[in-house]
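Work through the exercises below with the sequence and the coordinates open. Each task is followed by a solution in steps.

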Amino acid sequence: MFYFSQADAMHKSGFAQAYDLIWRMFHALPAPRPQAPQAACAPDRIAFYAAMQAHALPCPRVAALFNCAACAIDGVRMLHSAAEARRYLRDAAVYPLKFVPVSDDGGAEIFSAISYEKDSDAAVLGNGALIALADLVQLLDLPCARGYLLQELPSPHRLGGLRVTVAMRAHGPHIVYASWKLAGADADIPLPLWKASSRLVLAGAALFPSVENQHWDIALCERGPLAVGMSAEHAQLL
């Protein structure tokens with residue numbers, strides 16, 4: 001009797017397994033779709049300038065960093081408080097200066113100061129307006145900016161610099177598009193400037209191989225092209 005019960009149990013077990021298998025075949029849940037790979041993000045501005053400086057690639061000089069305790073660029077002065085920034089802008093800064101937020105996704109603005117007026121303890125902004133240093137420092141202290149870079153302000157080219165689009169290929173970066181940044185400008189890029197600019201862009205793009213599509217902003221000044229930033233977007237094909 002024991003053997004018959006055991007055989008019957010084994011038969012039921014085998015039948016149940018087959019039934020479960022057939023049920024799963026006809027009621028199988030769809031396989032989860034693999035997640036689409038996320039496009040790599042461009043580095044923040046401190047990481048960008050640190051990489052450019054480390055590889056001796058031309059870019060605007062960063063004179064100081066404000067409220068960037070977690071980040072640094074070799075040899076760049078750190079300003080940790082509003083009072084320290086105000087003293088620097090009054091006593092040590094070399095004007096003209098460009099103020100660039102570390103992050104551009106929070107609404108913080110890029111602006112410039114042409115000079116410092118000692119009598120009024122104020123700076124002359126790029127648009128000619130006068131702003132007290134205390135108020136200027138408040139602009140730098142916006143949390144959404146995640147800190148500010150204080151940079152030299154290179155003299156701009158009459159056509160406003162270049163926007164160069166780069167696509168990463170299996171063999172390395174490839175320039176697919178270039179244009180003048182100034183709205184309405186329609187002119188050929190002078191060959192000497194283009195040769196130097198393209199060399200700079202390709203060398204810089206190779207530092208960020210995980211960013212498939214890159215837009216480079218190049219300022220043109222007396223000492224040649226300077227890389228002022230890179231963003232990651234869909235490449236504009238020729």
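**Exercise 1: the nonpolar cores**

The largest nonpolar core of this predicted model has 32 residues, and those with the most contacts inside it are Phe48, Met52, Leu65, Leu149, Val164, Trp216 and Ile218. Task: find which helices and strands each supply at least two residues of this core, and which one gives the largest share.

Solution.
- Step 1. The elements that each supply at least two residues are the helices α2 (45-54) and α5 (191-205), together with the strands β1 (62-66), β8 (162-169), β9 (172-180), β10 (213-221) and β11 (224-232).
- Step 2. The largest share is that of α2, with five residues.
- Step 3. A separate second core has 25 residues, including Ala85, Ala113, Tyr116 and Tyr148.
- Step 4. Take Leu65 as a sample member of the largest core. Beyond four places in sequence, Leu65 contacts Ile46, Cys71, Ala72, Ile73, Val76, Arg77, Met78, Leu79, Tyr148 and Leu149.

**Exercise 2: the four-stranded sheet**

Task: give the strand order of the open sheet of four strands and state which strands are at its edges.

Solution.
- Step 1. The order is β9-β8-β10-β11, with antiparallel pairing.
- Step 2. β9 and β11 each pair on one side only, which makes them the edge strands.
- Step 3. From one strand to the next, the twist averages 30°.
- Step 4. Between the antiparallel strands β8 and β9 there are eight bridges; Val164 has Ala178 in β9 as its bridge partner.
- Step 5. Two helices are placed against these strands. α2 lies across β10 and β11, at about 140° to β11. α5 packs on the sheet and touches β8, β9, β10 and β11, with its direction at about 140° to that of β10.

**Exercise 3: helix α2 and Arg45**

Task: list the buried residues of α2 and describe the surroundings of Arg45.

Solution.
- Step 1. Arg45, Ile46, Phe48, Tyr49, Ala51 and Met52 are the buried residues in α2.
- Step 2. Their cover includes β1, β3 (97-101), β7 (148-152), α5, β10 and β11.
- Step 3. Leaving out residues up to four places away in sequence, Arg45 touches Val100, Pro101, Val102, Ser103, Asp104, Ile110 and Leu149. A polar atom of the Arg45 side chain lies 2.8 Å from the backbone oxygen of Pro101.
- Step 4. At the start of α2, a side-chain oxygen of Asp44 comes within 3.1 Å of the backbone nitrogen of Ile46. After the helix comes Ala56, with a positive phi near 55°.

**Exercise 4: the seven-stranded sheet**

Task: give the strand order of the open sheet of seven strands and identify the helices placed on it.

Solution.
- Step 1. The order is β2-β1-β7-β3-β4-β5-β6, and the pairing is mixed.
- Step 2. The edge strands are β2 (77-79) and β6 (130-132).
- Step 3. Three bridges join β3 to β4 (residues 111-117), an antiparallel pair; the partner of Leu97 in β4 is Ala113.
- Step 4. α3 (residues 82-91) lies across β1, β2, β3, β4 and β7, at about 130° to β2. α4 (residues 133-140) packs on the sheet, touching β1, β3, β4, β5 (122-125), β6 and β7, and its direction makes about 80° with that of β6.

**Exercise 5: confidence**

Task: state the mean pLDDT of the chain and describe residues 1-12.

Solution.
- Step 1. The mean is 82, and 78% of the residues reach 70 or more.
- Step 2. Residues 1-12 have pLDDT below 50 and zero contacts beyond near neighbours in sequence.
- Step 3. Predicted coordinates should not be read in detail where pLDDT is low.

Key: Residues numbered from 1 in each chain as written. Heavy atoms only, no water. Core = buried A, V, L, I, M, F, W, Y, C linked by side-chain atoms within 4.5 Å. Buried < 20%, exposed > 50% of the residue type's maximum accessible area, 1.4 Å probe, protein only. Contact = heavy atoms within 4.5 Å. pLDDT = per-residue confidence, 0-100. Pairing = 2+ DSSP bridges. Axes fitted to C-alpha atoms, helices over the stretch in contact; angles between N-to-C directions. Polar contact = N/O pair within 3.5 Å; in protein donor to acceptor, adjacent residues only side chain to side chain.
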